[in-house]
Amino acid sequence: MISLTVISNRLEIEFPLFRWLHADSLVKLGRSTANVVKRKLQRTAGFLLLAAASLCAGDRRVHLIPQLQPGQVLTYLIRFQSEKNIKTESRVVAPMAPDAAQIDAHGLLRVEILDVQQTVGKSAIHARGQFLTLDSGVWVKRPGDKKPNWDKQRVDPKDKVIEFTISSDGTVNDLKGLDHLFPEQQQAWQQWVSRFALAWTLPADGIKSGDKWKSEQLEQAEAPIAGLSWARESTYVRNEPCQASQLSLTGDVSPSSDPPDTCAVLLTTAKLKQNSSSKDATPDDFKLHELRTMGTAKGTSEFITYISLKSGLVMRATEETSQFMDVVVAKADASNRVHYNVEARSHAQVLLVTETPLNGP
């Protein structure tokens, strides 16, 4: 996210990870024995039958849309860590943007399904989310700074909720309340919803083990470089045993007491593509504020998602992402310009939690 401020004739920009703000909000001024033989044969036959059943299941196309009902409540543990380093050059002013920043956020997200609408294709859901706890650390490092103490917990007031709709095509619409959350909560929620909504984006005729498919998605957040999109290659790798998690009072995660499940394991790799010229990469909203951008952006990402074959719920998911951006932001008349070189990496984990210390009537 670029946060750009025009103060008098100066440009000041900072780059939080992944979210890029709209230009109009950037500008301040204008901001997982016989009996013995018989038993052995029976056991062997059982194994063979199980293997045959698994093989048949692997050949069968499946649809992984979650089977949800109004009033159903889900809890997910989200862990999000990121680190970015920024180098800045300017002939006009020494920019005040931090040269590095780290985020380490762990949160429990409660999601209540408000409505399920059945359509000709995939269902759409309307839901409400709320962070029950958030143990987080956000560190913006400047020269001479000492690493702060992370032993803090922030709990949101009960009225801080997010309402949203996941449409039949997997897009998130009618989003309300996200901007009222802490910045690290916003990023944690975005990690969750991108994994949870994955099922809606799968091929409409279903998938079977070994299938591969490609897709392309525009970068959803506003960026200082126009024409960014993610080219994705996905594979239904195999089926694996899986299980929901439980969380202890001390924050330890272990398998829950729920019956074991079987999950489809999906692997997705993505590359960030730039479809604009490096010499003029200005997005339309930057042009409206009489700004011009030049530069390049690239990135890679890998997602591993475990989706229950029974319920369609995401049981767990991980993401590893790295991004790089080299961009110059200048005023349209070239009277002022700032050169930014940004490297960012992140790790995210999403776990379905069915037992927590917070469970109760």
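Biologist: I'd like to start with one residue: is Glu290 buried or exposed?

Modeller: Glu290 is exposed, with a relative accessible area of 59%; exposed means over 50% relative accessible area, buried under 20%, and partly exposed in between, using a 1.4 Å probe and protein chains only. This is a predicted model, where local features need pLDDT of at least 70 and side-chain atom pairs count only at pLDDT 80 or more, while totals for chains, interfaces and linings use all residues. Residues are numbered from 1 along each chain as its sequence is written, and side-chain values use heavy atoms, leaving out hydrogens and water.

Biologist: Where is Glu290 found?

Modeller: Glu290 sits in the loop between helix 3 (284-288) and strand 13 (291-308). Helices (H or I, at least four residues) and strands (E, at least two) are DSSP runs, numbered from the N terminus. Glu290 has a positive phi of about 55 degrees although it is not a glycine. Asp174, also not a glycine, has a positive phi of about 50 degrees. Asp174 lies in strand 7 (residues 172-176) and counts as exposed at 52% relative accessibility.

Biologist: How do I read a helix, and how many residues of helix 2 are buried?

Modeller: Begin with the span, expected to be 1.5 Å times one less than the number of residues. Helix 2 (residues 183-196) has 14 residues and reaches 20 Å from its first C-alpha to its last, close to the expected 20 Å. In helix 2, 11 of the 14 residues are buried, so this helix is largely enclosed by the rest of the structure. Among those buried are Ala188, Trp189, Trp192, Val193 and Phe196.

Biologist: Which residues have the most contacts inside the largest nonpolar core?

Modeller: In soluble globular proteins, nonpolar side chains tend to be buried together. A nonpolar core is a set of buried Ala, Val, Leu, Ile, Met, Phe, Trp, Tyr and Cys residues joined through side-chain atoms within 4.5 Å. Here the largest has 46 residues, and Leu64, Tyr76, Trp189, Trp192, Phe196 and Leu266 have the most contacts inside it. Helix 2 supplies the largest share of this core, five residues. Apart from it lies another core, of 16 residues, including Leu228 and Phe303.

Biologist: How is a pair of aromatic rings described?

Modeller: By the distance of the centres and the angle of the planes. Rings of Phe, Tyr and Trp (its six-membered ring) pair if their centres lie within 6.5 Å; planes under 30 degrees apart count as stacked, over 60 as edge-to-face and the rest as tilted. By this rule there are seven aromatic pairs. Phe164 and Trp189 have ring centres 5.3 Å apart and planes at 75 degrees, so they are edge-to-face. Phe164 lies in strand 6 (residues 162-166) and Trp189 in helix 2, so the pair ties together parts 25 residues apart in sequence. Phe164 is buried at 0%, and Trp189 is buried at 2%.

Biologist: Which strand does strand 14 pair with over 17 bridges?

Modeller: Two strands pair if DSSP finds at least two bridges between them. Strand 14 (residues 314-331) pairs with strand 13 in the antiparallel sense over 17 bridges, and with strand 15 (residues 337-355), again antiparallel, over 15 bridges. Arg316 stands opposite Leu351 in strand 15. Arg316 also lies over the face of Tyr306, at 3.8 Å from the ring centre; a charge sits over a ring if NZ of Lys or CZ of Arg is within 6 Å of the ring centre and within 35 degrees of the ring normal.
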